[in-house]
Amino acid sequence: MIGKPSIVRNLGVFALWASMLLWLYGGGQIGFYREYYTIEKMDEILGIAYEERVPAFLPGIETLAGGFMIFALAILAAALWERRIERTLRNT
């Protein structure tokens, strides 16, 4: 059946793919998102190693989980919507 439930289902699939691509583009962090990453540098004069923070948005696993939740809710909503349409068509 082509109609509004299939559009909702397709939007759910799009949200899943978008969150997965965003997560992979950000480096596929297993933990929660981070606002910086660290670079280890060496002082040229003293020879001491130090870490420098570089500001960046690194999406974590919650980005992927959020996309999956949107996907699951969209699939559920589309299935319930189709069931309601079929029930309405049967009763008329």
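Me: What covers the buried residues of H1?

Reply: A good habit is to list the buried residues of an element and then ask what packs over them. In this predicted model, the cover over the buried residues of H1 includes helix H2, residues 61-91. The buried positions in H1 are Pro5, Ser6, Gly12, Ala15, Ser19 and Trp23.

Me: And what covers the buried residues of H2?

Reply: Turn the question round and look from the other helix. The cover there includes H1, and the residues of H2 that it helps to shield are Thr63, Gly67, Ala74, Ala78 and Glu82.

Me: Could you take one of those and show me its contacts? Which residues does threonine 63 touch?

Reply: Happily. For a single residue, start with its element, then its accessibility, then its neighbours. Threonine 63 lies in helix H2. It is buried because its relative accessible area is 16%, and buried means under 20%. Leaving aside residues up to four places away in sequence, threonine 63 touches Ser19 and Leu22. Ser19 is itself one of the buried residues of H1.

Me: How do I judge the length of a helix? What distance does H1 reach from its first C-alpha to its last?

Reply: Compare the end-to-end distance with the span expected from the residue count. H1 runs over residues 4-25, which makes 22 residues. Its end C-alpha atoms are 31 Å apart, close to the 32 Å expected at 1.5 Å a residue. For H2, with 31 residues, the expected span is 45 Å and its end C-alpha atoms are 45 Å apart, so the two values agree.

Me: What happens just after H1?

Reply: Backbone torsions are worth a look where a helix stops. Here glycine 27 takes a positive phi of about 110°.

Me: Let's step back to the fold. What pattern does the protein follow along the sequence?

Reply: Count the elements, then read them in order. There are two helices and two strands, and along the sequence they follow the pattern α-β-β-α.

Me: What does the radius of gyration tell me here?

Reply: Set the value beside the one for a compact globule with that number of residues. For 92 residues that would be near 12 Å, but this protein has 23 Å. The box filled by the C-alpha atoms, taken along the principal axes, adds to the picture: roughly 85 × 15 × 15 Å.

Me: How much of the protein counts as buried, and what supplies its exposed area?

Reply: Take the two together. Of the 92 residues, 18% count as buried. The exposed area is about 7,400 Å², and carbon and sulfur atoms supply 66% of it.

Me: What share of the contacts comes from residues 24 or more positions apart?

Reply: This is a way to see how much of the contact map lies off the diagonal. Among contacts with a separation of 6 or more, residues 24 or more positions apart account for 59%.

Me: How are the charges laid out? How far apart do the centres of the two sets lie?

Reply: Count each sign, then compare the centres. The protein has 9 positive and 9 negative side chains, and the two centres lie 25 Å apart.

Me: Now the strands. Is leucine 58 buried or exposed?

Reply: Use the same steps as for threonine 63. Leucine 58 lies in strand E2 and counts as buried, because its relative accessibility is 13%. Its contacts, beyond residues up to four places away in sequence, are Gly26, Gln29, Tyr33, Arg34, Tyr36 and Tyr37. To place it against H2, note that leucine 58 and alanine 78 are 20 residues apart in sequence and 32 Å apart in space, C-alpha to C-alpha.

Me: Which residues does tyrosine 50 touch?

Reply: Tyrosine 50 is in strand E2, residues 49-58, and is partly exposed, with a relative accessible area of 38%. With the nearest sequence neighbours, up to four places away, left out, it touches Ile39, Glu40, Lys41, Met42 and Asp43. Its C-alpha is 44 Å from that of valine 13, although the two are 37 residues apart in sequence.

Me: One last pair: how accessible are tryptophan 17 and threonine 88?

Reply: Tryptophan 17, found in helix H1, is partly exposed at 48% relative accessible area. Threonine 88, found in helix H2, counts as partly exposed at 44%. For distances, the C-alpha atoms of tryptophan 17 and asparagine 91 are separated by 38 Å, and those of threonine 88 and methionine 20 by 37 Å.

How values were computed. Residues numbered from 1 in each chain as written. Predicted model: local features only at pLDDT ≥ 70, side-chain atom pairs only at ≥ 80, totals over all residues. Heavy atoms only, no water. Helix = DSSP H or I, 4+ residues; strand = E, 2+ residues; numbered from the N terminus. Expected span 1.5 Å × (residues − 1). Buried < 20%, exposed > 50% of the residue type's maximum accessible area, 1.4 Å probe, protein only. Contact = heavy atoms within 4.5 Å. Rg over C-alpha atoms; globule rule 2.2 N^0.38 Å. Areas by Shrake-Rupley, 256 points an atom, 1.4 Å probe, with all protein chains shown as cover. Lys, Arg positive; Asp, Glu negative; His and termini not counted. Charge placed at Lys NZ, Arg CZ, Asp CG, Glu CD.
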